[in-house]
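The explanation that follows is meant to be read with the sequence and the model side by side. It begins from one residue, widens to the sheet and the helices around it, and ends in the loops.

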Amino acid sequence: MKREPRRTCLGCRRARPKQTLVRLVRGRDGVVVTDSRGVVGGRGAWVCPDDPCLARALSRARLTHAFRRPCEASAELAVVVRAVARRGVGAPPCEVSL
Ligand SMILES: [Zn+2]
């Protein structure tokens with residue numbers, strides 16, 4: 001059995017393999033975006049690219065709790081998370097325009 005790194009989804013609170021989740025980071029301006037390159041340091045949050053999880057995870061209260069600072073989702077965040085997820089596991093890092 002190979003051990004995989006797991007992260008907890010902000011929406012459903014289930015621990016899942018890291019590569020099935022999308023990483024969120026909080027920008028300096030308090031707006032939460034996807035960490036599409038996987039290189040942004042600091043505190044991150046993770047979410048499944050599923051509608052129910054996104055609906056729950058991207059609420060301001062949930063994000064503020066996760067990052068321990070006031071923040072809110074960018075307008076297209078749910079769309080971008082799905083776009084990132086569609087690129088698939090193991091895809092090379094690439095730009096996702098916001
Ligand atoms: Zn989830």
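Which residues does Leu 24 touch, once those up to four places away in sequence are left out of the count? In this predicted model, the residues in question are Val 32, Thr 34, Asp 35, Gly 44, Ala 45, Trp 46 and Val 47. Two of these contacts are also bridge partners, for Leu 24 stands across from Thr 34 in β4 and across from Ala 45 in β5. Leu 24 is thus a convenient point from which to survey the rest of the protein.

Before going further into the sheet, it helps to have the overall plan in view. The protein contains three helices and six strands, and, read from the N terminus, its elements follow the order β-β-β-β-β-α-α-β-α. Of its 98 residues, 29% count as buried, and among contacts with a separation of 6 or more, 55% join residues that lie 24 or more positions apart. As to the confidence of the prediction, the mean pLDDT is 86, with 85% of the residues at 70 or more; among the elements, the mean is highest for α1, at 96, and lowest for α3, at 91.

The sheet around Leu 24 can now be laid out. Strands are joined within a sheet by backbone hydrogen bonds, in either a parallel or an antiparallel arrangement. Here four strands form an open sheet in the order β5-β3-β4-β6, and the pairing is mixed. The edges are taken by β5 (44-47) and β6 (72-73), each of which has a single partner strand, so that one side of each has no neighbour in the sheet. Against this sheet packs helix α3 (residues 77-86), which touches β3, β4, β5 and β6 and whose direction makes about 20° with that of β4.

Within the sheet, β3 pairs on one hand with β5, in the antiparallel sense and over four bridges, and on the other with β4, where residues 22-26 of β3 and residues 31-34 of β4 are again antiparallel, over three bridges. The β3 and β4 strands make up a hairpin with four residues between them, and in its turn Gly 30 has a positive phi of about 90°. Strand β3 is also mostly covered, since four of its five residues are buried.

What lies on the side of helix α3 that meets the rest of the protein? The buried residues of α3 are Leu 77, Val 80 and Val 81. Because they span an arc of only 105° around the axis, they fall on the same side of α3. Their packing partners are β3, β4, β5, β6 and the helix α1 (51-57).

These observations lead to the interior. It is a general tendency of soluble globular proteins that nonpolar side chains are buried together. In this model the largest nonpolar core has 22 residues, and those with the most contacts inside it are Cys 9, Leu 10, Leu 24, Trp 46, Val 47 and Ala 57. At least two residues of this core come from each of β3, β5, α1, α2 (60-67) and α3. Leu 24, the starting point, is therefore one of the residues with the most contacts inside a set defined by burial and nonpolar character.

Is Arg 26 buried or exposed? This residue, found in strand β3, has 24 C-beta neighbours inside 10 Å and therefore counts as buried. Arg 26 stands opposite Val 32 in β4, and its contacts, apart from neighbours within four places in sequence, are Val 32, Phe 67, Arg 69 and Cys 71. Arg 26 also lies 9.6 Å from Pro 70, C-alpha to C-alpha, although the two are 44 residues apart in sequence.

Two other arginines present a contrasting picture, and both are located in loops. Arg 13, between β1 (6-8) and β2 (15-17), has a positive phi of about 65° although it is not a glycine, and with 10 C-beta neighbours inside 10 Å it counts as exposed. Arg 68, in the loop between α2 and β6, likewise has a positive phi, near 60°, in a residue other than glycine. With 9 C-beta neighbours inside 10 Å, Arg 68 counts as exposed.

Conventions:
Residues numbered from 1 in each chain as written. Predicted model: local features only at pLDDT ≥ 70, side-chain atom pairs only at ≥ 80, totals over all residues. Pairing = 2+ DSSP bridges. Contact = placed C-beta atoms within 7 Å. Axes fitted to C-alpha atoms, helices over the stretch in contact; angles between N-to-C directions. Buried ≥ 20, exposed ≤ 12 C-beta atoms within 10 Å, placed from the backbone. Arc of directions from axis to C-beta. pLDDT = per-residue confidence, 0-100. Core = buried A, V, L, I, M, F, W, Y, C linked by C-beta atoms within 7 Å.
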